[in-house]
Amino acid sequence: MMEQYLALKREAKGSLLFYRMGDFFELFFDDAKVASDILDIALTARGEHDGEPVAMCGVPVHAAEGYLARLIKAGQRVAIAEQTETPDEAKARAKREGRPASKALVARDIVRFVTAGTLTEEALLEPRRANLLVALAEVRGTIGLAACDISTGLMVLEECSPQLLGATLARLGPSEVVVPENWEFGPEDPARHARSAFSSDAGAERLKSLHGVSTLDGFGEFSRAMLASAGGLIAYLGHVGRGELPFLLPPTAREQSRGMAMDEATRASLEILEATNGRRNGSLVATLDRCSTGAGSRLLAEDLSAPLLDQSGIENRLTLVQFWLERPIERANLRDALRALPDFGRALGRIVAGRGSPRDLGQVRDGLGEAARIHQWLVGEADRPTLLDMLLPELTGHGALVDQLARALVASPPTERSNGGFIAEGYDASLDELREMSGSARRAIAAMEARYRDETGISSLKIKHNGVLGYFIEVPSRHADSLMAPDSGFTHRQTMKGAVRFNSLTLHEEASRVSEAGGRAITAEEAHFEELTALVGAAREAIAATAAALARIDVSSGNAERASEGDWCKPTISNAGKLAISNGRHPVVEAALAREGERFVANDCTLQADDRLWLIGGPNMGGKSTFLRQNALIALMAQAGSYVPASEAHIGLVDRLFSRVGASDNLAKGRSTFMVEMVETAAILSQATAKSLVILDEVGRGTSTYDGLALAWAVVEAVHSKIECRCLFATHYHELSRLAESCPQLSLHHVRAREWKGDLVLLHELAEGPADRSYGLAVAKLAGVPAPVIKRAGQVLEKLEAARNETGGLAAGLGELPLFAAAAGEAAPEETREEALAKKLREADLDALTPRDALDLLYELKNSLD
């Protein structure tokens, strides 16, 4: 057995091996140590191998999904090794091979690899989060990305430059990334697959074979890099599925320029899908999500991750939200209907992948049936928006399939099909007859039990059943002697503690009838199951389209519900370089304050051609960072197709959103807070365009005051005069206010605060003009810094301010510098004649000059003097 295990372990290539032994999956050696630590289960030892005890632990097969979920969450990959023959088949094989049958070892093989990106089981998936597997490939300097969610069949191909790979992966948020072996790009600890699989030609052939087409032209245009990544993805899925491919829809191509671009730092700073603690609670998506279905929540997260740049597409989404907002009664009815929907998109994925259950078939039946009812209702609604008219045809067309599933399946099918009982009565007359035979035999056994009690006088006699003995008669030990008699008609089977078991010829005959009829019934049900799954599989693309349409309707109605709750407004979208928000609020902060019974202080923001850079000062805790983030989030939400927390909003399309707020150190990469800040700032200065929105908070902190001020000054000038984009810049450097004199599109603002009887009152209101002071000592006092320290700091501050007044401050003389654009464009001063001569002489290699070359050089120098 150990030889078989070690061979399978080598095949598992680094995955934990679940080795099936009876009703348990066993793990051995280091696998057992790792699993026992993660799962908190007992670690034991059994026998020896190479002179060492064999560490082992196990989990029950019936509860394996829960243990698998914990292992996958801990970053492990698991190979499942199942028995591929029965003990009787193993014995027969041993006899054919001339070996003792008693020592026959049941054959086992790895039937599946379970990895984070290849999960389909309902218990292993988060209902409100997509589960993406992404494969990467590089072709001629371009990175191809193939992303799929095998639980729903979604497959998207795109490409990007190596510099934008991090931002693209941050947008996708994959659960697992696959790269070629010995590949230099990609995230830390990816899954690796054979480099030969990542070929564009092989990718094209695999896609054509998978979807049964001779050309991919009908699916779109795909680059070599896209096809190479698709080839690697499909090959990897074939590897983990041991030759069985999961459900994959035809691929779609995604252009990078189609959506608002955001880098990793921006997504983390704005807490779009996860809060800073790594959880969903406290994030933007959690605050917005009012979807009734898991599919709707997953689509909402996708919308927020990739806001649109297409004005008509955004307006179509907003108009559908408005449609539901204006119909509260209809919206409530729709949400009730959607809430009753099963997640039949994922059920479809399990069915097509060969891991489906009768319950999954029932979910497809119920989902498609409800979709048809919603379609019938919505078709009668007047003034339907364009997007709804586009979605309605996807909700129908499954009548024949729904009818057959409704006739074939019981109302609530079980999750297991091995015991039957999921095919409805009346669907198959022969199956009904088999069930009647089995039922009559069971009734006969029950009648037999009553008769045996009367005949023997043993009132405690019972007829029982188990998987080893089948049906048997059981009596207490004190009554066993009367049944042991040769003429009793009973045959002794087994003696237990306190009970004795018997058989009888009549019972054996009836048990055979039950077993035969039951086995034939289960076989018939299994055939019907295969037939029904084939029907569903044949309609998989249409079913997936229905699930996607319902998800979009769910998102729009959920957004309308959220807008109604928060009194949010419909934003106006344009191509103008403007961002005008009245009474804007931060959705997450406002929700948190509302739970505590407090009110959020709303503020206006107007960035336009003649006033596109706001320099914002004021005390810490005054609301600068919140103000910066809320305006970025409002722009993001608007382009995702959501209403926004404001009384009015005009959003000029933002092509790239940058947020450098609240940087922290990255010890894993050896970067300090200041280094992280500078890396993020460098990305903004090199990638932002005139249509971008940039929010910057406290650029320059973390180094010396002079260095920090110099960097902040130069960054503001670059954003204003070189990039010329909309920007909110928060700072404590009061000296930067002097930039208003030389930067015409820059204006000064501050968050208001007041001192009252020695205490600081933060008003959280934005006002025009520069901040008069930072109130740093007052904030320190609020934080609980001891009074003697505050007093001493006040004394030091007085001295520093006095010195600043005497010298003109840190910014003395900065006003005399030319602007960034002018300084960058200044030509280098011309060399003097003497400097040119000296340069020529220094560059001349005298030892290498021939006599003629030396004479030529001398003439050249003389002529330059003339």
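1. Two strands count as paired if DSSP finds at least two bridges between them. In this predicted model, strand β8 and strand β9 (residues 154-160) meet that condition with 7 bridges, and the pairing is antiparallel. One bridge joins Ala 147 to Val 156 in β9. The two strands form a hairpin with 4 residues between them. Within that turn, Gly 153 has a positive phi of about 90°.

2. Strand β8 (residues 142-149) also has a partner in strand β7 (residues 133-139), again antiparallel and over 7 bridges. Here Leu 133 stands opposite Cys 148 in β8. The hairpin of β7 and β8 has 2 residues between the strands, and Arg 140 takes a positive phi near 50° in it. As for burial, 7 of the 8 residues of β8 are buried, so the strand is mostly covered because buried means under 20% relative accessible area.

3. Elsewhere there is an open sheet of 7 strands with mixed pairing, in the order β13-β23-β24-β25-β21-β26-β27. Its edge strands are β13 (261-262) and β27 (759-768), each of which pairs on one side only. Inside this order, β24 (residues 693-697) and β25 (residues 726-730) run parallel and are joined by 5 bridges. Val 694 has Cys 727 in β25 as its bridge partner.

4. Helix α22 (residues 624-640) can be checked by its length. The helix has 17 residues, and at 1.5 Å a residue these should span 24 Å. The C-alpha atoms at the two ends are 25 Å apart, which agrees. Of the 17 residues, 15 are buried, and the helix is mostly covered. Gly 641, just after α22, takes a positive phi of about 95°.

5. The count of aromatic pairs comes to 10. One of them joins Tyr 5 and Phe 29, with 6.0 Å centre to centre and 40° between the planes, a tilted arrangement. The pair links distant parts of the chain: Tyr 5 is in helix α1 (residues 2-12) and Phe 29 is in helix α2 (residues 29-39), 24 residues apart. Tyr 5 counts as buried because its relative accessibility is 1%, whereas Phe 29, at 22%, counts as partly exposed.

6. Trp 324 and Trp 377 form another tilted aromatic pair, 6.3 Å centre to centre with 50° between the planes. This pair also links distant parts of the chain, with Trp 324 in helix α11 (residues 311-325) and Trp 377 in helix α14 (residues 358-379), 53 residues apart. Trp 324 has a relative accessible area of 0% and is therefore buried. Trp 377 is partly exposed, because its relative accessible area is 27%.

7. Tyr 5 and Phe 29 belong to one aromatic cluster with Tyr 19 and Phe 28. Two arginines lie over aromatic rings. Arg 20 is over the face of Phe 25, at 5.8 Å from the ring centre. The charged end of Arg 451 sits over the ring of Tyr 452, 5.6 Å from its centre.

8. Ser 460 is in the loop between α17 (429-456) and β14 (462-466). Setting aside residues up to four places away in sequence, Ser 460 touches Glu 474, Pro 476 and His 479. Pro 476 is 16 residues from Ser 460 along the chain, and their C-alpha atoms are separated by 7.4 Å. With a relative accessible area of 29%, Ser 460 is partly exposed.

Key. Residues numbered from 1 in each chain as written. Predicted model: local features only at pLDDT ≥ 70, side-chain atom pairs only at ≥ 80, totals over all residues. Heavy atoms only, no water. Buried < 20%, exposed > 50% of the residue type's maximum accessible area, 1.4 Å probe, protein only. Contact = heavy atoms within 4.5 Å. Expected span 1.5 Å × (residues − 1). Phe/Tyr/Trp six-rings, centres within 6.5 Å; stacked < 30°, edge-to-face > 60°. Lys NZ or Arg CZ within 6 Å of the ring centre and 35° of its normal.
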